[in-house]
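Here is a short briefing to read alongside the structure. Keep the 3D view open and look up each residue as you go.

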Amino acid sequence: MKLRLHFVVDPLGWLCVSMIFGIWLYNSVFVPKLVLLPHYNEGHISWALVVCYYLASALCIVALLRASTADPGRLPLDPHIPFSERAEWELCNKCNLMRPKRSHHCSRCGHCVRRMDHHCPWINNCVGEDNHWLFLQLCFYTQVLSLFTLVMDFCQYYYFQPLTTLDQDQFTTQHELALLRVSTLMGLMMFGGMSSLFYTQMAGIISDTTTIEKMTRALNETHVTKRSWQWALSEVFGTRWKVLWLIPLRSRHPLQAGHNFRNQV
């Protein structure tokens with residue numbers, strides 16, 4: 001599998017990514033330590049529940065790392081432009097390079113990106129043609145993990161049986177209430193924020209409109225297409241196999257024949 005790494009030198013972006021990683025690490029450590037593993041050891045819950053939580057946590061962090069380091073579709077300095085497609089290209093007035101229409105110049109990254117949706121500081125990367133599918137996976141798995149965390153925090157107080165083998169001298173036992181309250185607050189913030197973002201992203205994909213085009217109202221009517229949600233998502237994920245839409249560790253292959261300089265994530 002060929003993975004192209006792409007790093008953006010931006011201290012603010014690094015800080016945002018570190019915050020997201022810290023929230024993930026907090027919930028991936030304390031929720032199993034406080035809820036899942038103690039109740040599993042006493043036979044209150046099934047091993048499958050523990051495995052599902054760790055699986056959701058692993059998929060979430062993999063999607064974050066890949067979305068942060070994948071090439072979003074950066075244009076090369078000297079692209080090969082087929083003669084038949086020259087009418088679909090234009091000159092960028094910021095970097096003075098030719099680019100396909102619907103590309104955008106990112107001032108934070110300093111280069112043009114094919115079908116750029118937006119620059120996301122939380123992944124310290126642009127969201128463009130080649131990594132949009134990874135950004136969708138990140139939004140989806142963050143929702144799953146956040147909802148899973150909220151359910152576990154709720155069940156700890158209102159559903160699970162009391163634990164009988166607690167070590168009262170342990171830090172996690174002494175501060176269980178405070179730790180789970182922080183976990184609940186993080187879960188609510190992440191689930192609410194990612195749910196809203198995921199909805200707007202899906203609406204844009206189905207309507208074939210990027211976030212930048214919505215903000216600038218620069219979308220030409222010829223770009224507005226009516227298509228099914230299956231085809232729209234298949235084009236973004238690079239495959240018609242829906243099960244592959246959920247796997248972050250793979251390469252994306254465009255469904256339609258594109259420009260000769262396309263890179264694979």
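Glu129 and Arg114 are both buried, and their side chains meet in a salt bridge, with N and O 2.9 Å apart. Please keep in mind that this is a predicted model. The points below start with charged pairs, then turn to the nonpolar parts and to confidence.

**Charged pairs**

- Glu129 sits in the loop between β6 (125-127) and α3, while Arg114 sits in the loop between β4 (111-113) and β5 (118-120), so their salt bridge ties together parts that are 15 residues apart in sequence.
- Arg114 also has a salt bridge with Asp130, and here the closest N and O atoms are 2.7 Å apart.
- This second pair links distant parts of the chain as well, with Asp130 in the loop between β6 and α3, Arg114 in the loop between β4 and β5, and their positions 16 residues apart.
- Is Asp130 buried or exposed? Asp130 counts as buried because its relative accessible area is 2%, under the 20% cut-off.
- Arg114 has a relative accessible area of 2% too, so Arg114 is buried.
- Why can such pairs form? Side chains of opposite charge can pair when their charged atoms come close.
- Another salt bridge joins Arg102 to Glu213, with 2.8 Å between the closest N and O atoms.
- Arg102 lies in the loop between β2 (98-100) and β3 (104-106), and Glu213 lies in helix α6 (residues 211-216), so far along the chain that 111 residues separate them.
- Both Arg102 and Glu213 are buried.
- Arg102 and Glu213 also belong to a network of salt bridges that includes Arg115 and Asp208.
- In total, the structure holds eight salt bridges.

**Nonpolar cores**

- Which residues touch the most other members of the largest nonpolar core? They are Ile123, Met152 and Leu233, in a core of 45 residues.
- At least two residues of this core come from each of these helices: α1 (11-41), α2 (47-69), α3 (132-158), α5 (176-207) and α7 (229-237).
- Helix α3 gives the largest share, eleven residues.
- A second, separate core has seven residues, among them Cys106, Val113, Cys126 and Ile212.
- Leu233 is in contact with Leu136, Met202, Ile205 and Trp245, leaving aside neighbours within four places in sequence.

**A look at Val31**

- Val31 belongs to helix α1, and with a relative accessible area of 1% this residue is buried.
- Beyond neighbours within four places in sequence, the contacts of Val31 include Tyr53, Thr149, Met152 and Ser183.
- Val31 and Ser183 are 152 residues apart in sequence, but their C-alpha atoms are 7.7 Å apart in space.

**A nonpolar patch on the surface**

- Phe140, Val144, Leu246, Ile247 and Leu249 form a nonpolar surface patch, and together they have about 390 Å² of accessible area.
- One of these residues, Leu249, is in the segment after α7.

**How confident is the prediction?**

- The protein chain has a mean pLDDT of 84, and 87% of its residues reach 70 or more.
- Confidence is highest in α2, at a mean of 95, and lowest in helix α4 (residues 171-174), at a mean of 66.
- The pLDDT is below 50 over residues 257-265, although this stretch has 36 contacts in the model beyond near neighbours in sequence.
- Where pLDDT is low, the predicted coordinates should not be read in detail.

Technical notes:
Residues numbered from 1 in each chain as written. Predicted model: local features only at pLDDT ≥ 70, side-chain atom pairs only at ≥ 80, totals over all residues. Heavy atoms only, no water. Core = buried A, V, L, I, M, F, W, Y, C linked by side-chain atoms within 4.5 Å. Buried < 20%, exposed > 50% of the residue type's maximum accessible area, 1.4 Å probe, protein only. Helix = DSSP H or I, 4+ residues; strand = E, 2+ residues; numbered from the N terminus. Contact = heavy atoms within 4.5 Å. Patch = residues over 30% accessible without salt bridge, like charges linked within 9 Å, V, L, I, M, F, W, Y side chains within 5 Å. Areas by Shrake-Rupley, 256 points an atom, 1.4 Å probe, with all protein chains shown as cover. Salt bridge = Lys/Arg side-chain N within 4 Å of Asp/Glu carboxyl O. pLDDT = per-residue confidence, 0-100.
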